[in-house]
Every structure is written in C-alpha cells, then in structure tokens.
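Please take a guided tour of the structure shown below, one selection at a time. Keep the viewer open while reading.

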There are 2 protein chains.
Amino acid sequence: MNLAWDDIRTIGFLVETGSLAGAGAALGINYTTVARRIARAEAALGETLFERLADGYQPTDAARLIAGHAEKMAREEDQLLRRLSARGDRLEGPLTVTAPQLLIAYELAPVLTRFSALHPQIELTVKATNDILDLSRREADLAIRISREPGDTLKGMRLAEQQTASFASPDWARRIEADPQGMIDWVVFAAMPSLPDIVMHAYPGSRVRYRFDDMGVLLSAAEAGLGVVRCPMFLGRTLPGLVQVPLLPPQSYAEIWVVAHTDLWAAPRVAAFRDVLVPHMRSRRAHFVA
Amino acid sequence: MNLAWDDIRTIGFLVETGSLAGAGAALGINYTTVARRIARAEAALGETLFERLADGYQPTDAARLIAGHAEKMAREEDQLLRRLSARGDRLEGPLTVTAPQLLIAYELAPVLTRFSALHPQIELTVKATNDILDLSRREADLAIRISREPGDTLKGMRLAEQQTASFASPDWARRIEADPQGMIDWVVFAAMPSLPDIVMHAYPGSRVRYRFDDMGVLLSAAEAGLGVVRCPMFLGRTLPGLVQVPLLPPQSYAEIWVVAHTDLWAAPRVAAFRDVLVPHMRSRRAHFVA
DNA sequence: CCGCAGGCCTGCGAAAACGCGTGCATATGC
DNA sequence: GCATATGCACGCGTTTTCGCAGGCCTGCGG
C-alpha cells in the first residue's frame, strides 16, 4: 500500500474539477494520464476512489479524504515555492504582477515600461484582471488593488486615496451648463441599483439611460455621448473624451494598495518593482483626488 | 519552474540520508533514479540543489529549504495513510504490531496465535524490537511497550503493573540458601552502574561477575549458572532454568502498556487485536507481580 | 604500494508512462 | 428526430523513466 505523491496531487485535482478533462487541463497533462493515475492509485490502495458516472468521476469518501490532505500538501508546496522564489539576491527571473485593466491601461503603463527598462533580466508577466487573484497560491507575486484591505496573510502599502466624480462628453457638459434642470442621461454600472439621492434631489431630470457590466465599455459609452458617468477621478481626467460635470461632488472611493504575500514582500524582484511603482504613484497622488 | 511532488519527496530523502544510495534504498528505488530526479529538479528550478563532493551529495540552502517542506508534506501523508487505513469496517488487510522481543517470546505468543486464528483475513506483521518505533510515521499500527508513558499523540491503556526480583539457577539458589553471606556472583545489564545498595548491605559477598548488553543473553547466562540476575517477575518465573532467590525483594518496575496513534486506536483491526490482547493480559496480571 | 569499499557517472536495453486518435454513451438543443 | 457537445474507454505508437552493469575516483588499511 504505497501512494505516489504525484498521484495524491492528481486525486486532489480530480476531486476539485470533477472531470478527467478538467483535472488534466489543470495539471497540464492529457486526461488519459489522469485516468491511468487514478487507476494506479486505486490498485495501490485496493479501494475504489471514484464512481464512473455518465457525467464524470464522482469521488468516494476515500477520495475526498485524500483530496483534503492533498490540499494541505499543496499549501505546503505553495509556501515552499514562494520561499524559493524569494531567495536569491539577483534581479532576474520571472515576476508576475496583477492589477485592474483600467488602472494598467491609463495609469500604470509607464511604470511597466520603466521597470522593464531598468531590469531587462526580469521576465515580467502582467495579469490584467479585476479578479482578486490568490497570492497565496502564487497566481501572482504582487498585486495592485483597489480596495481598503490588503488581505489576510498579505503585506500591503497604500499608494493613493481616491475620489469619484461625474464626467461626460463636452457636448453633455455644455447642455448641463445651459439647462441644469433639464433631462440628463446617465450610464451606470450594472450592479448599481439607482442614482444617488443627492443627484436625484439636485438634478431631478436625471435618469438611468444605459447599464453596462464592464467599466471599460461604460466609459466608452460616456465618451460617445450616451450620458453622464460616475467614475474615479483619474479615469475621468485621463480619458480624452470626458470632462468633469458638477452633478456629483467628489466622493471618497476605495484606496489603491500594493500588496504581496509576506514571504515575497521583501524579495528583491518584488522590492524592485515597488521601487518604481511607489515613487510614480506618490508623484501622482493629486491626480486621484479633487 | 514546476516541481514534481515526487521530486520534492526525493530531495527530502537525499538531504536526510546524505547519499544517493541511502536515499534510493529508503525510497525503494535505484540510486541512479535518485540522481536523475535531482538533476531534473535542478533543471526545473534553475538552481543547484546539491554539491557533488567525494563523500556524497551535500545539500545547498535551497535543498535544505525544500527538505523542510518535504518533511511537513510527509507528515501530512502519514496522517492521510493512517486515516485511510482506519477507514473501512472489514476485518482484513495488513496490521503491524510491535513489542519487545522477550515479551513476545515469553508472554505474547499465545495472543498472536489466537488473533491469527480469529482473523485469518488480517495479514499480521510483528516487529519484535526494543526500539521505540514511530507510530506517527506508521512504522507500526499498535505497540506494546514497557514504559509508563503512552507517548505524545498516542492513545494508550495500561495492561499490567510489573515488579522485578532476583533469579538464579537452582544450583545458585541452593548455594545462597546454604551460605547467604558467602560470595555471590551477579550478571547485570551493561547499562547498570553497580548493584543496588540494599543488596550490598544485606549480602556483602555480592559482586558483579558479567555484564551483557542484551537482556536475552543476560538471562541465558543466568540460566547457565553464571550468576544471579535481576529481571521482571514474568521472565524469571517463565524461564525453566531460573528460580527466585531472596536477595532482592520485589521492586516496582515499568508498567506494560498498549498504545496506538489516536487516528488508529478505534480502527477495527486495531480494536480486534486489543480484544484478544487485553483479556489475556488481564487474566495474567498476577504473573507480573509478586 | 596495492587491494578494497563506498560513492558516483555513463550508456544501454527494458519497462512504464504518456499523448493522440477513434469510438461509444449520455445529455442538450434546434 | 437528428445534430452537437461533453465525458470517458480503449488501443497504438512514441517518449520518458527506470534498473542494471561497467568503469572512475577517493580514502583507508594491510
């Protein structure tokens, strides 16, 4: 009764994904190989680990037990890899950074360029996504987040405070100036239930014209003149097709933070990135507030 | 930079044993394979893990770091295997029991016979050794120990109290009875520094004649008439060539315990063994004390 | 000085593991 | 009712991994 560690790992992935194909993709191997490893593990244990059903592999209690321990072993591996990559004082090798798309596109691009120029030996991977990647699982080494909390086992540093305001195309801006009490179209984020009371009270002609579930599209719509948008100061100020309109006074918004796992915070590559990022953001602090 | 779990495990063994051959033996694989896995891991990490020296593989800091995490992963695997083997309500499969040689030879043999007869489906392995096997590492499922403490993460049950007394060949017994103040030879355990004060005081003719580092040999020497021996009651009473002599009054000695890891204590196979062991020992309690 | 043992590297052939393509079963949608 | 997508089993050929045997180096003891 001997169980290979790689088979334990495979069982964990299969329980997690629920299908041979899913586990294979996650492991970067062919699904046939997953099936063979399961068969081998079952033979080694003399126990059935999965029921072969029409819609996939259904784990037995034994498989779930193994998966639980595989999870813990995987956490241990994560920590090992973090510590390994934190070692070594050379500024070379891979570095993965994540940040929201719009922040990268309109604010951080110069930081990336400058960093690459300064450290050509570091292979920089940028994950532009609004998803909160799991830094414990090494989905990224460093994250720039729009959130007040650095997170659980993470170390963080505040880069900037932010405010939001209302922006619109120059055409809309002129119209509002001419007739503040007239009809005003807004384009809003899909999740937002309705316009703020303060707007409805001061500008009763306001109405929601469009909803979008993507901030980039939302901003394009505003630039195209579909209506007024509420967005962070830095976006409204940066986008060429938008000007600020006085419908909404500047409101406090989530701060911008840079965070990394405690194990990696002081690692040379991560520190080098911060050394470019932090001065840049410090010099642009005024850009994010009214 | 991807590291196979089996390679992590291999690195752990190599750091622990210090040589390819040792790690290979511990893993049950050819040492050439160990060398290849190390080479593969080094390539994957882009880092040297071992210095190839004349007297073996010397781990670098990185290898030691990996080995530390491999250790934790191995503990996790141990726990997994314990829990897996504790599952299942069938009385079949492997069971490993350890106990001191002399206890097995002179006291537990009937227990083993009876257990095998009762549960022929259970493949019983008996490790007869005075070494304290690590039950956490699954070196055995159940241990019978002569010690007052069940141990750390173990669950235990006292089987019997014990006393020691002095025994010798019938020849020596007669000689002592005839002339208690005459010269009396003792055979003692190598570790014991000298005869107890109580003996030297009441029988000043006592002297240490031989020392042995093995209890079995020590008893044989006493049976052969080389001298008086101090040993547990049950041994002196059981061995055909020995009779009790009044030099030493019965003294309290370490108790006999049965212990198992908490995870395994209630497992069917382990419980079944206790169900044979405990009544047997209970019925023989008087055998172990004066 | 030389044989020997421990420890390692290398090349070769066998064995195991792997990826791919094909085919089958079931569920889903038009 | 038929086409399609998902998910898996099986067989084949290839790649990788493994064990084995021979040889090299070093330190040790006769």
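Two strands count as paired if DSSP finds at least two bridges between them. The model on screen is predicted.

**Stop 1: strands of chain B**

Select residues 251-261 of chain B, which form strand β11. β5(B) runs antiparallel to β11(B), and five bridges join the two. Within this pair, look for B:Ala143, which stands opposite B:Val259. Now add residues 154-168 of chain B, strand β6. β6(B) and β11(B) are also antiparallel, joined by nine bridges. Here B:Met157 faces B:Val258 as its opposite residue in β11(B).

**Stop 2: strands of chain A**

Move to chain A and select β5 (residues 142-146) with β11 (residues 251-261). They pair in the antiparallel sense over five bridges. A:Ile144 has A:Val258 of β11(A) as its bridge partner. Next add β6 of chain A, residues 154-168. Nine bridges connect β6(A) to β11(A), and the two run antiparallel. Opposite A:Lys155 in β11(A) is A:Ala260.

**Stop 3: loop residues**

Select A:Arg138, in the loop between β4 (122-128) and β5 of chain A. Its phi is near 60°, a positive value in a residue other than glycine. Most residues other than glycine have a negative phi. Is A:Arg138 buried or exposed? A:Arg138 is partly exposed, because 18 other C-beta atoms lie within 10 Å, while a buried residue would need 20 or more and an exposed one 12 or fewer.

Then select B:Arg138, found in the loop between β4 (122-128) and β5 (142-146) of chain B. B:Arg138 has a positive phi near 60°. With 18 other C-beta atoms within 10 Å, B:Arg138 is partly exposed.

Stay in chain B and pick B:Gly88, in the loop between α4 and β3 (93-99). B:Gly88 is partly exposed, with 15 other C-beta atoms within 10 Å. Add B:Ala271 to the selection: B:Gly88 and B:Ala271 are 183 residues apart along the chain, and their C-alpha atoms are separated by 13 Å.

**Stop 4: the nonpolar core**

Select A:Ile11, A:Leu14, B:Ile11 and B:Leu14. These have the most contacts inside the largest nonpolar core, which has 44 residues. To see the elements behind this core, show α1 (5-17), α2 (20-27), α3 (31-45) and α4 (61-86) in chain A, and α1 (5-17), α2 (20-27), α3 (31-45) and α4 (61-86) in chain B; each gives two or more residues.

Which residues does B:Ile11 touch, not counting those up to four places away in sequence? They are B:Ile38, B:Ala41, B:Leu49, B:Ala63, B:Ile66, B:Ala67 and B:Ala70.

**Stop 5: where the chains meet**

Color the two chains apart and select the contact between them. Chain A and chain B supply 19 residues each to it. On the side of chain B that touches chain A, α1 and α4 of chain B are the elements that give two or more residues. α4(B) gives the most, with eleven residues. By class, this side of chain B has eleven nonpolar, two polar and six charged residues.

Now superpose the chains. A turn of 180° and a shift of 0.0 Å along the axis lay chain B on chain A with an RMSD of 0.1 Å. That is the relation of a two-fold axis. The copies meet through the same surface, because 100% of the interface residues of chain B are also interface residues in chain A.

**Stop 6: DNA strand C**

Select DNA strand C and the 18 residues around it. Those that come nearest are A:Asn30, A:Thr32, A:Thr33, A:Ala54 and B:Leu20. At least two residues of this surface come from each of α3 of chain A and α2, α3 and β2 (56-59) of chain B. α3(A) has the largest share, four residues. The surface near strand C divides into seven nonpolar, six polar and five charged residues.

**Stop 7: DNA strand D**

Finish with DNA strand D, which 16 residues surround. The closest are A:Ser19, A:Leu20, A:Gly56, B:Asn30 and B:Thr33. Show α2, α3 and β2 (56-59) of chain A with α3 of chain B: each supplies at least two residues of the surface near strand D. What supplies the largest share of that surface? α3(B) does, with four residues. By class, the residues near strand D are six nonpolar, six polar and four charged.

How values were computed. Residues numbered from 1 in each chain as written. Chains lettered and ligands numbered in written order. Predicted model: local features only at pLDDT ≥ 70, side-chain atom pairs only at ≥ 80, totals over all residues. Core = buried A, V, L, I, M, F, W, Y, C linked by C-beta atoms within 7 Å. Contact = placed C-beta atoms within 7 Å. Near = placed C-beta within 6 Å. Nonpolar A, V, L, I, M, F, W, Y, C, P; charged D, E, K, R; others polar. Least-squares fit on C-alpha atoms with pLDDT ≥ 70 in both.
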